[in-house]
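Q: I have a model open and want to learn how to read one helix in its surroundings. Where do we start?

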Amino acid sequence: MVSFSHVVGESKPGTKIFKKVLNELKRGGIKRKEAVYIGNDLEKDIAVAKRLGLKAVLFAGDRNSLRNNAKAKPDAVITGWEQLEKVVD
């Protein structure tokens, strides 16, 4: 499931973009703790996802992809997409 801020009319760290996805997950019978959110911003992605009960993975592939501006603690950190399979197993 994908949600875009320009479609829902609110940018991160607002929760409207997350709640659209959470509603779809619920309709599909998927619990929040079973879902994985991947983001590159500790404040706008990871902190919000954790607060909403999602597993949060920080993508830190390169300097441009990592915005280290908060104290949020991700469940995992990946530096390449090939590592994602190990995180979600």
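Q: Which elements do the buried residues of α2 pack against?

A: Note first that this is a predicted model. The buried residues of α2 pack against α1 (5-8), β1 (36-39) and α3 (42-51).

Q: Which residues in α2 are buried?

A: I17, F18, V21, L22 and L25. Seen down the helix axis, these buried residues fall within an arc of 130°, so they line one face of α2.

Q: Why do residues three or four places apart point the same way in an α-helix?

A: An α-helix has 3.6 residues a turn, so residues at that spacing share a direction. Now turn to the other side of α2. The face turned away from the buried side carries K26 and R27, both exposed.

Q: What does α2 span from its first C-alpha to its last?

A: α2 covers residues 16-27, 12 in total, and reaches 17 Å. That is close to the 16 Å expected at 1.5 Å a residue. G29 follows α2, and its phi is positive, near 80°.

Q: Where do nonpolar side chains tend to be in soluble globular proteins?

A: They tend to be buried together. Here the largest nonpolar core has 15 residues. Those with the most contacts inside it include F18, L22, L25 and I46. α2, α3 and β2 (55-59) each supply at least two residues of this core. α2 gives the most, with five residues.

Q: Which residues lie in the other core, apart from this one?

A: That core has six residues, among them V57, F59, L84 and V87.

Q: What does L25 touch, not counting residues up to four places away in sequence?

A: L25 touches I30 and A35.

How values were computed:
Residues numbered from 1 in each chain as written. Predicted model: local features only at pLDDT ≥ 70, side-chain atom pairs only at ≥ 80, totals over all residues. Heavy atoms only, no water. Helix = DSSP H or I, 4+ residues; strand = E, 2+ residues; numbered from the N terminus. Expected span 1.5 Å × (residues − 1). Buried < 20%, exposed > 50% of the residue type's maximum accessible area, 1.4 Å probe, protein only. Arc of directions from axis to C-beta. Contact = heavy atoms within 4.5 Å. Core = buried A, V, L, I, M, F, W, Y, C linked by side-chain atoms within 4.5 Å.
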